[in-house]
Amino acid sequence: MTILLNSSLQRATFFLTGFQGLEGLHGWISIPFCFIYLTVILGNLTILHVICTDATLHGPMYYFLGMLAVTDLGLCLSTLPTVLGIFWFDTREIGIPACFTQLFFIHTLSSVKSSVLLSMSIDRSVAVCNPLRYSVIMNWRVCAILASSVCATGFSLSLVQTVAIFRLLFCTPLIEHFFCDVQPVLDLAWATPMINDILTLIMSLLAITAPAIFLFISYVLIISTILKITSAEGRAKSFNTCASHLTAVILFFGSGIFVYMYPNAGDSLSQNKLASVLYTITIPMLNPVIYSLRNKEIKDALNRWKKRIFSWCYGMK
C-alpha cells in the first residue's frame, strides 16, 4: 500500500535505514566513525587556531582555508547526531522538521565548500599568473566580496532546493541512508521521474558542475603559466603552492560528482552511501592532513605551535 506523507505535518517522521543487514556489527562500525569524527574536529580546530594565532598566515589564501575548515566542521557536526544515534542507540526515527534542517545544512555547507574551493583557485591563479600584483588584486575588499558571495550563494541555493523538496508529497517514510541527504529524500517524493531528474540535474549543475568548470579554467591558466617558467626549481615551487588545494579539489569534486551524477549506482544505494560518507565525513578529515603535509607555511606554523606547547609543558614541570 502506498502511503502519502505530507512534509508539512510537524508530527510526521522519517525512518533511516542505516547499513541494512549489518545491524549486529553497528558497535564495531561505530569505532572508525568515532575516530573519523574526532579527527575531523581536532584537525580542523587546530588549523583554525593556527591561522588565527600565527601572524604569518594572515593572508587571503589562509582565510579561505579557515572558511574551508569551518565548512568541514559543519558537515561533520551535521551528520554526527543521526549517524552515531543509529550505531549506538538504534535511533532511526527522525522528525520531518529535523530531517529537513539537517538536509538544509548539509546542502548549504556542501555548496559553500565548493564555492570556497573555487575562491581558493582564484587566489592561487592570481598568485601564480600575476605574482607582482597579487597583493593589489587580492585585497581585503575583494576577499570580503568573495567570502560574502560564497556564503550567500550556498545559502540561497540550499534554501530554494530545500523548500522545493519540502513542498513535495512522499510515498514512504523510509530513507535509504543514515542521515537526511538530498538525493535519498528526493527519491521518496511522490512525483514523476522527470521532476526528480530535473531537480537532480539543477542541483548537480549549480552545486558541482558550474564550480568545477571555473576551477578547470583557473587550473588551465595556472598550468600554462607554470609551463612557461624556464627553471625546473621555479616550476616546482609554483606548483607546490597549488598542490594542496588541487588535492582537496580532486577529492571533493570526485566524490560529489559520483553522488550527484550517479545517485542510484550500486546495489541498494550502498555505493551512494559510501560516497556520501566520503564527501561529508572522510574528506573533512583528510583536508587538515593534506594541508599539514603539503603546505610549507602551514607546516612551519604547526611546528612553531608545537614548540610553544612543549615549552609551556616543560615550564609547568
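Ile 213, Phe 214, Phe 216, Ile 217, Val 220 and Leu 221 together make a nonpolar surface patch of about 610 Å². The model is a predicted one. One of the patch residues, Ile 217, lies in helix α7, which covers residues 193–227. Ile 217 has a relative accessibility of 44% and is therefore classed as partly exposed, since that class falls between the 20% limit for buried and the 50% limit for exposed.

A second helix to follow is α2, made of residues 60–89. From the first C-alpha to the last, the 30 residues of α2 reach 43 Å, close to the 44 Å expected at 1.5 Å a residue. The helix is not straight throughout: α2 bends by about 40° at Leu 80. A proline, Pro 81, follows Leu 80 within four residues. As for its surroundings, α2 is mostly covered, with 23 of its 30 residues buried.

What comes just after α2? The next residue to look at is Asp 90, which takes a positive phi of about 55°. Asp 90 has this positive phi although it is not a glycine. Its place in the chain is the loop between α2 and β3, the latter being residues 93–95. Is Asp 90 buried, partly exposed or exposed? Its relative accessibility is 47%, so Asp 90 counts as partly exposed. Ile 217 in the patch falls into that class as well, at 44%.

Conventions:
Residues numbered from 1 in each chain as written. Predicted model: local features only at pLDDT ≥ 70, side-chain atom pairs only at ≥ 80, totals over all residues. Heavy atoms only, no water. Patch = residues over 30% accessible without salt bridge, like charges linked within 9 Å, V, L, I, M, F, W, Y side chains within 5 Å. Areas by Shrake-Rupley, 256 points an atom, 1.4 Å probe, with all protein chains shown as cover. Salt bridge = Lys/Arg side-chain N within 4 Å of Asp/Glu carboxyl O. Helix = DSSP H or I, 4+ residues; strand = E, 2+ residues; numbered from the N terminus. Buried < 20%, exposed > 50% of the residue type's maximum accessible area, 1.4 Å probe, protein only. Expected span 1.5 Å × (residues − 1). Bend = angle between axes of the 7 residues up to and from the residue.
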